[in-house]
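Visitor: Could you take one part of this model and go through it closely with me? I would like to see the setting of that part in the whole chain as well.

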Amino acid sequence: MSKSERNGNGDGRWRFWIDRGGTFTDIVALTPEGEVRAMKLLSEKPESYDDAALEGIRRFLGVKTGDPIPHARIAEVKMGTTVATNALLERKGERVALVVTKGFADALEIGYQARPDLFARRIRKPDLLYEQVVEVNERITAEGQQLVAPNLEEVRRSLEEIREAGIDSVAIAFMHAWRWPAHEQEVAWLARDMGFTQVSVSHEISPLMKFVSRGDTTV
């Protein structure tokens, strides 16, 4: 926190820094007068409030639970969370299907063939974050030439099978989509139209040239 922030800026507005964990949410507030205050709330307490971060802001501002927050009184809110990291480490996230260019179903599993222990006789591979793979017969060259357009009816049938299996989240990663995203956009639109609750698309999430890195981040 800078000296000017500690002293307040004279605009009569509050500043908030929030850390939301799986158990507790910590909120640090800077009053318009430059006074630093802190509060700790349970991250989940549905009988009292819907969202711990918003509840903390309301309490600092003297606003009743559930009432609208007067945004004009707030200069900034910065928030970090370990919830997603915990879900990743504990493998407690949503069930995910990977949608990739045909022929690259194993690309993320193979990865870069990195071996931390070169001479290990028993290699323990980390669990995959995705549960099923859908291969789409599509291809755009590195120069942007369309070789094969995706058949959206075939894709729809494949996605319907995924939904019937109880999977509502998909990660889409096609070859060269970091630069030529048209096919990813078509399939993403289809998935959202079908009602998938989470559709992550590689050219939006991580527009990297390398397919494995881009796909891993998207998943």
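**A close look at H183**

Guide: Of the 219 residues in the chain of this predicted model, 35% count as buried, and H183 belongs to that group, because its relative accessibility is 1%, where under 20% is the cut-off for the term. H183 is found in helix α6, which runs over residues 182–193, in a chain that has eight helices and ten strands. Leaving aside the neighbours within four places in sequence, H183 is in contact with E138, R139 and I140, with Q146, V148, A149 and P150, and with F174.

As for the wider setting, the domain assignment gives domain 1 as 14–88 and domain 2 as 94–119 + 128–218, and the centres of these two domains, taken over C-alpha atoms, are separated by 36 Å. The radius of gyration of the chain is 23 Å, whereas a compact globule of 219 residues would have one near 17 Å, and the C-alpha atoms fill a box of roughly 60 × 45 × 40 Å along the principal axes. Among the contacts in the chain with a separation of 6 or more, 62% are accounted for by residues 24 or more positions apart.

Turning to surface and charge, the accessible surface of the chain comes to about 13,600 Å², and carbon and sulfur atoms hold 50% of that area, while the mean positions of the 30 positive and 34 negative charges lie 6 Å apart.

Technical notes
Residues are numbered from 1 along each chain as its sequence is written. This is a predicted model: local features need pLDDT of at least 70, side-chain atom pairs count only at pLDDT 80 or more; totals for chains, interfaces and linings use all residues. Side-chain values use heavy atoms; hydrogens and water are left out. Helices (H or I, at least four residues) and strands (E, at least two) are DSSP runs, numbered from the N terminus. The radius of gyration is taken over C-alpha atoms; the globule rule is 2.2 Å times the number of residues to the power 0.38. Buried means under 20% relative accessible area, exposed over 50%, partly exposed in between (1.4 Å probe, protein chains only). Contact means heavy atoms within 4.5 Å. Accessible areas come from the Shrake-Rupley method with a 1.4 Å probe; for residues, only the protein chains shown count as cover. Lys and Arg count as positive and Asp and Glu as negative; His and the chain ends are not counted. The place of a charge is taken as NZ of Lys, CZ of Arg, CG of Asp or CD of Glu. Domain bounds come from an automatic or database domain assignment.
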